[in-house]
Amino acid sequence: GIPDCEMWKPDAAKPDQLGPVAVERKRDGTRRFCRKENKFKPDRSHYSYEEGRNILKMDHYCHWMAGTVGHRNYKFFFLSILYVT
């Protein structure tokens with residue numbers, strides 16, 4: 001999920017302090033914000049209802065792995081598919 005440091009929490013005094021960490025913006029130029037976690041979202045992260053948190057580089061929810069395939073477990077998912085075929 002999103003780290004619990006001050007950099008990702010909303011702050012009205014410093015609305016644009018993420019710098020090179022988060023490059024993606026919405027169409028109106030503001031940073032992406034997760035209303036469920038009340039934090040700014042890193043690039044390529046999406047909220048997973050199954051996990052209850054944001055997943056970095058979320059690909060999909062895999063029923064065989066019983067979890068969301070993302071940045072931390074994509075290698076495991078890819079190798080398991082490769083070994084099965």
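Partly exposed means a relative accessible area between the buried limit, under 20%, and the exposed limit, over 50%. Glu51, at 33%, is therefore partly exposed. Keep those cut-offs in mind for the stops below. The model is predicted.

**Stop 1: the whole chain**

Show the protein chain as a cartoon. One helix and six strands appear. Trace them along the sequence and the order reads β-β-β-β-β-β-α. The chain has 85 residues, and 26% of them count as buried.

Switch to a surface view. The accessible surface of the protein chain is about 6500 Å². Carbon and sulfur atoms hold 55% of that area. Now consider contacts between residues at least 6 apart in sequence: 16% of these join residues at least 24 apart.

**Stop 2: Glu51 and Arg53**

Select Glu51 and Arg53, and show side chains. How far apart are the closest N and O atoms of this salt bridge? They are 3.9 Å apart. The cut-off is 4 Å, so the pair qualifies as a salt bridge. A search of the whole structure finds one salt bridge. Is either partner hidden? Glu51 has a relative accessible area of 33%. Arg53 comes in at 31%, so Arg53 is partly exposed too.

**Stop 3: the cysteines**

Select Cys34 and Cys62. Cys34 has a relative accessible area of 3% and Cys62 has 5%. Both values fall under 20%, so both residues count as buried. How many disulfides are there? The count is zero, with sulfur pairs tested at a limit of 2.5 Å.

**Stop 4: Met7 and Phe40**

Go to Met7, in the segment before strand S1 (33–34). Met7 has 36% relative accessibility, so Met7 is partly exposed. Add Phe40 to the selection. Measure C-alpha to C-alpha: the two lie 8.6 Å apart in space, with their positions 33 residues apart in sequence.

**Stop 5: helix H1 and its patch**

Select residues 74–84 to pick out helix H1. Phe78 is found in this helix. Its relative accessible area is 46%, so Phe78 is partly exposed. Now add Tyr74, Leu82 and Tyr83. Together with Phe78, these residues make a nonpolar surface patch. The patch covers about 480 Å². Patch members need over 30% relative accessible area, so Phe78 at 46% passes that test.

Definitions and conventions: Residues are numbered from 1 along each chain as its sequence is written. This is a predicted model: local features need pLDDT of at least 70, side-chain atom pairs count only at pLDDT 80 or more; totals for chains, interfaces and linings use all residues. Side-chain values use heavy atoms; hydrogens and water are left out. Patches are made of residues with over 30% relative accessible area and no salt bridge: like charges are joined within 9 Å, nonpolar side chains (Val, Leu, Ile, Met, Phe, Trp, Tyr) within 5 Å. Accessible areas come from the Shrake-Rupley method with a 1.4 Å probe; for residues, only the protein chains shown count as cover. Helices (H or I, at least four residues) and strands (E, at least two) are DSSP runs, numbered from the N terminus. Buried means under 20% relative accessible area, exposed over 50%, partly exposed in between (1.4 Å probe, protein chains only). Contact means heavy atoms within 4.5 Å.
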